[in-house]
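Biologist: I'd like to go through this structure with you. Can you pull it up?

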Amino acid sequence: MACDDGAFASFAARSRRCLPRLFADYVDGGAHGEWTMARNRSAFRQWGIVPRGLRDVSRVNTAVSCFGQTWKTPLMLAPVGFAGMLHSDREVGGARAAAQCGVGMAISTFSIDSMEDVAAAGAAPFAQIYVFRDRALTRDMLARAAACGIPGIIVTVDTAITPVRERDARNGFRHLSRPTVMQMASLLRHPRWLAGVAARGVPRIGNLAGYTTARGVMAQAREMAAQIDPRLDRAGLEWLRQEWKGRLIVKGVMHPQDAAIAMACGADGLIVSNHGGRQMDPAPATLDVLPQIVEAVAGRGDIVLDSGIRRGGDVVTALALGATAVSIGRPWAWALAAGGQRAVVAAINVLSQEVTDVLGLAGLTDIPALRAQGTDALWKM
Ligand SMILES: Cc1cc2nc3c(=O)[nH]c(=O)nc-3n(C[C@H](O)[C@H](O)[C@H](O)COP(=O)(O)O)c2cc1C
C-alpha cells in the first residue's frame, strides 16, 4: 500500500521516520500475502466519477448524518489498536482532532487511553468492543461505556482468528514485552518517540488493564486477545443486543447474508470492512461487496465502508455505491504518528477538501444529491 497512499502519502512517509520499525510495520502491514490490502486500493480504480458542468456549485455541503450523529464530512476515524503508542497525544488527541473537524471517531478496545478518558475529552466517540469469552467482563465493558456516555458500540466480528501478519512476525511485534537487543536498538534509535511514550508513564491498555494482571502493553494485549470469543454467532449477537441499549454497529461485514443476520439481530448499522486487509487474505475489496450489502440492508440502517480509503474520490465513489459514510484506519494512525493531534486535523482537512472538490466537479452540491444520483455519477472503467 505504501506505493499509493493518496492524500496521506506525506503522513505515511513521516510516520515511518518517526516510529521504530516494528510500530511502523504494525500499522502498515496486512495478513499473509497482503493481497487484500492491495485489492482494497485497486478496486477504486475500476470507477471514474463523471465531471459535470453548467450547474451552480458555488456552495458544496458535505455534511451527512450517520449512526445518529451529524458529521461535516462523511468520515469517521476507525478503531486502531495501540494508536496511543504512536504519539504522546494518544487516542484522546485523535478524538479531539475528530471533534475539531466535526467527523466521527471510534476507539479500539485495545486503546492506550481508556474510553472514559476519550469520552471525557468531549468527542462523543463510539467504542469498538469485542465479545469476550468471559461474558461478565464483556458486560462490565458495556456498563462502563454506558456510564461514560458512549453513544454506540461497534462490535467487530472479523477477528475470530488472528492470522499471521508477516511483518509483525519478522519483527517479533507480539513479543515486545521482553525486547531483544535488536528491538531495543530500534526503539532507542527513535528517542523522540520514546520520550513521548515514556512522558505519559508506563503505557498500558487503558480499556483492559483492570481485567488482567499482566504487565506491559504487549503482555496485556496477548492475554486479552486470547479472550476474544471465536464462538461468537447469531445467538451471541442477540445476547449483545439485549445487553446494550445504545446504538449497536456491527463491523467487519463482507457478505450480504451476514448483513441480513446482523440487521435481524437488531443492529442499527454496519461497517463493511475487511479490517484493512489485516484479517482474511485473500478477500474481496470492500468496494466490490458493498452493492450486495446495501441491497441486503435495504435502508434499515447506515452503512459505513472502510479499507483502502485514501482520496476524496474514493469517498464519493463509496457513497455513490450506497455507503452512508466511510472510515479510515491507517491514514489517521500515520498522521497521529507524524505529528499528533495537529497532524490528524490536517489529514482530515486534506481529505475533506478533496471530497468537496470532487463533489463540486461532479456537479453536485450535497451528499443527498450524490446519493440520489447513485451509480449514474460513476463511470465503470
Ligand atoms: C494498526 C491498526 C490497528 C487496528 N486495530 C483495530 C482494532 O483494535 N479493532 C478493530 O475493529 N479494527 C482495527 N483495525 C482496523 C480498522 O478499524 C479499519 O477497519 C482499517 O484500518 C481500515 O482500513 P485502512 O487502514 O485501509 O483505512 C486496525 C487497523 C490498523 C491499521
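We start with the ligand and then turn to one alanine.

Modeller: One thing up front: this is a predicted model.

Biologist: Okay. How many residues surround the ligand?

Modeller: The ligand has 23 residues around it. The closest are P79, S108, T156, D306 and R310.

Biologist: How do those 23 residues divide into nonpolar, polar and charged?

Modeller: The shell has 8 nonpolar, 10 polar and 5 charged residues.

Biologist: What about T156, how far is its polar side-chain atom from a ligand oxygen?

Modeller: That distance is 2.7 Å for T156. R310 also places a polar side-chain atom by a ligand oxygen, at 2.8 Å.

Biologist: Which residue offers a polar backbone atom to the ligand?

Modeller: G329 does. Its polar backbone atom is 2.9 Å from an oxygen atom of the ligand.

Biologist: And how much of the ligand's accessible area does the protein cover?

Modeller: The protein covers 98% of it. On its own, the ligand has 600 Å² of accessible area.

Biologist: Which elements give two or more residues to the shell?

Modeller: Those are α2, residues 21–28, and α15, residues 330–361.

Biologist: New topic. Where is A169?

Modeller: A169 sits in helix α7, which spans residues 166–171.

Biologist: Is A169 buried or exposed?

Modeller: A169 is exposed, because its relative accessibility is 53% and the cut-off for exposed is over 50%.

Biologist: How far is A169 from L22, C-alpha to C-alpha?

Modeller: Their C-alpha atoms are 9.7 Å apart. Along the chain, A169 and L22 are separated by 147 residues.

How values were computed
Residues are numbered from 1 along each chain as its sequence is written. This is a predicted model: local features need pLDDT of at least 70, side-chain atom pairs count only at pLDDT 80 or more; totals for chains, interfaces and linings use all residues. Side-chain values use heavy atoms; hydrogens and water are left out. A residue is near a molecule or strand if one of its heavy atoms lies within 4 Å of it. A polar contact is a pair of N or O atoms within 3.5 Å; within protein, one must be able to donate a hydrogen and the other to accept it, and residues adjacent in sequence count only if both atoms are side-chain atoms. Accessible areas come from the Shrake-Rupley method with a 1.4 Å probe; for residues, only the protein chains shown count as cover. Helices (H or I, at least four residues) and strands (E, at least two) are DSSP runs, numbered from the N terminus. Ala, Val, Leu, Ile, Met, Phe, Trp, Tyr, Cys and Pro count as nonpolar, Asp, Glu, Lys and Arg as charged, and the others, Gly among them, as polar. Buried means under 20% relative accessible area, exposed over 50%, partly exposed in between (1.4 Å probe, protein chains only).
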